[in-house]
Amino acid sequence: MLVDLAGLAAVWVVAPATPLTSGAALAGLLLLNAVKGRYNDPVELSLLDELPRLTAHVLIVGAVAMLLADVLGSEVHAEALLAFFATICGGRLVGYLLVTRLRRSRLQGRSTVIVGIGPVGRQIAAAMVDHPECGRLPAGWVDDEATTPTELSLLPLRGGVLPWLGDVRALPRLMAQAPECDVVVADTSVDERCLNEVLQRCDRCVGDIYMVPRQPEVHQAIDGPILRGIPLVKLSRTAHRSVSWRLKRVIDVVLAGIGLVLVGPLMGLCALAVYREGGRDVLFRQERVGQDMRRFTIFKLRSLAPESATESARRWSIQGDPRLGPFGRFLRTMSLDELPQLWNVLRGDMSLVGPRPERPFFVEQFSRRYPHYAARHRVPAGLTGWAQTSGLRGDTDISERARYDNAYIANWSLWNDTKILLRTAARFTARVSG
């Protein structure tokens, strides 16, 4: 980041520009590099490997700066862009040489836990010790306690020992205790389902997680790190770790506030119709489970009055219930009963997009029955979600819905949220026109 600031200074020296144009160019470059992980601590330091993407970022920023300068009636000289690019490249080269020297002297390096200590795991550990310039130093290893030989508790390694840090299920705790610790998942003996659950619990840990492909000899890493000939796949940053995640809440508040204003009259008319069909208490309140298993009260327009709180909490579906009146059925068909949940979004209980919240009784049941169900509570519950826009609404397969929810979390982006909102609007329009 300091190199990018130096690049801006070079622009001012070579060809002074307006502060607004220069500031916009710098902000654009910082944002692009941050989103693409250019400020992370790479395994291998190479200006040549980074040059194509760096060049693309500078060209994008330069085009935007030229457009902005044209609007402001000023000019961006080619000399300024060349000075900007040369300073950034030169600064990175000098910085990489300095960091490499510090790494080789072991004055800089991230502690790394190796998951699995089979042949590949030992090869990785040895490569880290022999080549400290990779910036990763093995701190120990974890594996399935049931299959780990006791004689390997202190694994001989290059004249020293690599300690066994415990069962693989302790990995989230180890990463929480050492925030700057990275993880490399090698040839572990733990089964995939258990490993997936452990890695999902590491979602909010600070360190990076890398995985060795099952067949590293034939795996072609696309822009991925390579540790002494061993390709690594860096797990994508969890939603909470991305720069754009902070914008999600801002968008939720703005759109939910606008939505409440726009649909307020419609909700008033629906509430009046609910009152005429079923009497008072037009607003239905129910306890749901949201992010981190926290419970909150969800608001809906009442489509049917339950006989008791137990029925409300434990009855799965009211589809076909004779007590469901014509307008109540219309509300549920058009999903208009869920409009008050915009208030839940505004309060912060929910987001516009995310896994749909469920009642505590069913969360407990589904979490026991489906091992991957509880992981969907890593992010805020949503008014709509990928599972719902894929046809998984109402009485549909819970395991498949949880799979969609977890895939949404693993691949989260603002653009994916936008697509889900657009598809939700399209489905609502289709129901109205149909």
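In this predicted model, I258 is found in helix 8, which covers residues 245–278. The side of I258 that faces outward can be put into a figure: its relative accessible area is 45%, so the residue counts as partly exposed. I258 also belongs to a nonpolar patch on the surface, where it is joined by L247, V250, I251, V254, L255 and L262. Together, the residues of this patch have about 610 Å² of accessible area.

Aromatic side chains offer a second theme, with eight aromatic pairs in the structure. One of them is formed by F327 and F330, whose ring centres are 5.8 Å apart. The planes of these two rings stand at 40°, and the pair is therefore tilted, as an angle over 60 degrees would be needed for edge-to-face and one under 30 degrees for stacked. Both residues lie in helix 10 (residues 326–334), and their spacing of three residues is about one turn of that helix. F330 is partly exposed, with a relative accessible area of 39%.

A further pair brings together F361 and F362, with ring centres 5.2 Å apart. Here the planes meet at 80°, so the arrangement is edge-to-face. The two partners can also be described by their exposure: F361 is partly exposed at a relative accessible area of 24%, whereas F362 is buried at 5%. The cut-off for buried is under 20%, which is why F361 falls outside that class. F361 and F362 also take part in one aromatic cluster, together with F366, Y370 and Y373.

Key
Residues are numbered from 1 along each chain as its sequence is written. This is a predicted model: local features need pLDDT of at least 70, side-chain atom pairs count only at pLDDT 80 or more; totals for chains, interfaces and linings use all residues. Side-chain values use heavy atoms; hydrogens and water are left out. Rings of Phe, Tyr and Trp (its six-membered ring) pair if their centres lie within 6.5 Å; planes under 30 degrees apart count as stacked, over 60 as edge-to-face and the rest as tilted. Helices (H or I, at least four residues) and strands (E, at least two) are DSSP runs, numbered from the N terminus. Buried means under 20% relative accessible area, exposed over 50%, partly exposed in between (1.4 Å probe, protein chains only). Patches are made of residues with over 30% relative accessible area and no salt bridge: like charges are joined within 9 Å, nonpolar side chains (Val, Leu, Ile, Met, Phe, Trp, Tyr) within 5 Å. Accessible areas come from the Shrake-Rupley method with a 1.4 Å probe; for residues, only the protein chains shown count as cover. A salt bridge is a side-chain nitrogen of Lys or Arg within 4 Å of a carboxyl oxygen of Asp or Glu.
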